[in-house]
Amino acid sequence: MPPIGPLLWRNLRVYKIYGANTDVGKTVVTSILCNASRRIWKDEATAYLKPVSTGPQDEADDDHIKRYTRDVTSRTLYQYSQPVSPHIAAKGNVIPNERILRSVYEFASERASAGPGWLFIETAGGIHSPGPSGTTQADLYAALRCPVILVGDWKLGGISSTISAFESLRIRGYDVESIVVFEDADYGNSEYLKDYFEQRYGLMVTALPMPPSRNRTHQKDQDEKSMLQYYLEKGRVEAVRATLTHLNSRHETRVKLLEDMPMDAHRKIWWPFTQQKLLQSSDIVAIDSANGNYFQTLVPKCPGVSNNRSLLRSSFDGSASWWTQGLGHGNSLLTLAAAYAAGRYGHVMFAGAIHEPALKLATLILDSFQSPRLSRVFFSDNGSTGMEVAVKMALRAARVRYGWSFDTKIDILGLKGSYHGDTIGTMDCAEPNTYNEKVEWYEGRGVWLDHPQIRCVAGEWQVQVPRVIGLAYEQNFAHLSEIFDLDRRMARGDHKPYEAYILSTLRKHLDEGRKFGALILEPMVLGAGGMVLVDPLFQCTLVRVVREATLDFGPHESLSLPNDDKTWRGLPVVFDEVFTGIYRLGRLTAASFLGLHPDVSVHAKLLTGGLIPLCITLASECIFDAFASEEKSDALLHGHSYTAHAVGCQVAVESLTQLQLMEKAGDWDWAKLNGWIQPDNATNAGSAEPVWSIWPLSLVKWISVQSDSVAGAWALGSVLAIHLNAADGSGYSSTAAEGLRKRLLMSSENAVGGLWNIHSRVLGNVLYIMGNQRTTESEVAEISELLRSALA
């Protein structure tokens, strides 16, 4: 099913009514607002919606609305007769969350189409009262992005419940625009709450006269007369008009701010990776919010389009927000983890100190990786700085091992097309390219090898070997898993041309006197270098040659080295898993595809599930010992003010825990069986772990046969890469993928759910689409259909 859009129209003010508790008077407040909006905006319509209700029909909230309001359209979507919490009443008849949200959207869309007005949506019970599926309402309705009127609790203990309700909503990204509470002389909650919220948040608090209590000794008609009199007298107080005027103003302000954002930002912001000379304000995507896999983005103004069209659309986050998203936008578990650490610590300095989240994360990551080499964890703030640390570690270890002086020029060994970050040191670890060649201090310090890559071409999997390795050729494979069966391929000698090329290249440069301090690889995928899927056999062979071949990297000391699997030989091996690690490719580590353990490994992006920056650089004890000295100046003198910040560490612990639980529960089995492996594992023979993607194999093969536009495609884990034919050549400066990106950005309109599109990024002639680790099978199906349409 297409995504469900947020509820924002220019002509319709939509407000969600939440209660701080059950029985706080939500329906009475809503009735007052309905009556007042009809009275003040006489030429506009007012509507009431109750998504889920429980209890007898004659006691239903929409029945109250019909009885005590005039000219108000009211509807209950789903009514359960049992007067209990919806999750109990729904046993045997559970309405899926998506169905409820679609029904709400459909009703709101109908009201917007009918003309200008108000829509009040009343929830059931308190904010965390469960819906029919058991999901609490605060999480259930978050995707609709409705501003909130919170009805406070006037009873004993109501101050606490009202503040708690507000904080629960706020931490989930709701905009609470007004708080309404009934006056009570015994407890005085309204006075306290008014001071509390106005002083702390500048939030409007409206105190209303207490409605008449039901008198059990009276007849029903007498109670009705009392309520009618209440609405006639007390429901017209000036505070009600002031509240609605405020809400109307907030709606207008929200729309104006959203529509002005691109132009205002165009004058003030300096964007990354953007040639702003070519950027128009109309090109800027205004993001109102994000939930799950989707941004909620502003629909550009179009001449002649009516005011009753939705202002927002759902945009699939096709780059996973620059490769960071793992558990979805607005994930409340991650948000709460961040809030907990922020409340407990804020930020505390880390040098010579320790706090629980940092130690928990270090322990969890080391225990999870189970690497015989990696034993130390160094914290930094992002992938580029984490790689800076890794380079410092490796070069120091090599210099100490081989006795080089401080002024010795030391290079690194890597692959062509590699990219390790934008800081000066990591730039120097990449060959001259679009990213670095115009940077004034850039000085490439290395040798970069050409390499074979994997693509699906015309429906067949190929390993494309460049001419420099030998005669240019392609190896065809029936299944992707066969390419990853390294033992079988080595047994038949597939690695020998690779080995010969690597040895000859290294010997040439070593004979010229060059010195190398590290082998740095992005295992499996060169990300920013063009989404290149590298033959794992080549990378495995390269590491083996560096570690095992008799190459003169420095004075031979191998006889004195311990004979174990913890001590580096030849060169320290650094794996840059900033992009490829933490389940991005379907496994905890990308190193597992190679069957190797690095000496240094760097992880970021998915580490925190996409919420907050954090990076860890893992190192072996052998690397760690290279910095041991009686001199402080020999220490790893690297750090930043927010090293190992507690918020990031706590979020990372939660993120890793959730991802590992998903793996254990088999949450990705649907994807593995979607053409990649058979139930009997027949197509995965010889591979220790399955090789799979959330993108169906049938889609990848279909894309690969669109030969007029597509040069090849591949998918692994949550990544799908489409390499397009490029008349202007491949590489970052190519514009070949721009047309496809723009077609995906064009809105598709579904019958129920509103406009939606795909927000994606390109790398020259490559367009990639990336889900997160919670992307569902139905979402993949929808995206696949849009891709097929755009490529057809």
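User: How many bridges join strand β2 to strand β4?
Analyst: The model is predicted. Strand β2 covers residues 45-54, and β4 covers residues 117-126. The two strands run parallel. The number of bridges joining them is five.

User: Which residue in β4 does Ala47 stand opposite?
Analyst: The partner sits in β4, which is joined to β2 by bridges. Opposite Ala47 stands Leu119.

User: What is the strand order of the open sheet of seven strands?
Analyst: Pairing in this open sheet is parallel. Neighbouring strands are turned by 20° against each other on average, direction ignored. The order reads β3-β2-β4-β1-β5-β6-β7.

User: Which strands stand at the edges of this sheet?
Analyst: An edge strand here has a single partner strand, so one side is left without a neighbour in the sheet. That holds for the strands at residues 72-80 and 204-208. They are β3 and β7.

User: What angle does the direction of helix α2 make with that of β3?
Analyst: Helix α2 spans residues 61-68 and packs on the sheet. The helix touches β2, β3 and β4. Its direction makes an angle with that of β3 of about 160°.

User: At what angle to β3 does helix α4 run?
Analyst: Helix α4 takes in residues 97-114. It lies across β1 (12-19), β2, β3 and β4. Its angle to β3 is about 170°.

User: Does Arg313 count as buried or exposed?
Analyst: Arg313 is found in strand β10, residues 312-317. Its contacts beyond four places in sequence include Phe295, Leu745 and Trp756. The cut-off for buried is under 20% relative accessible area. Arg313 has 10% relative accessibility, so it counts as buried.

Notes. Residues numbered from 1 in each chain as written. Predicted model: local features only at pLDDT ≥ 70, side-chain atom pairs only at ≥ 80, totals over all residues. Heavy atoms only, no water. Pairing = 2+ DSSP bridges. Helix = DSSP H or I, 4+ residues; strand = E, 2+ residues; numbered from the N terminus. Axes fitted to C-alpha atoms, helices over the stretch in contact; angles between N-to-C directions. Contact = heavy atoms within 4.5 Å. Buried < 20%, exposed > 50% of the residue type's maximum accessible area, 1.4 Å probe, protein only.
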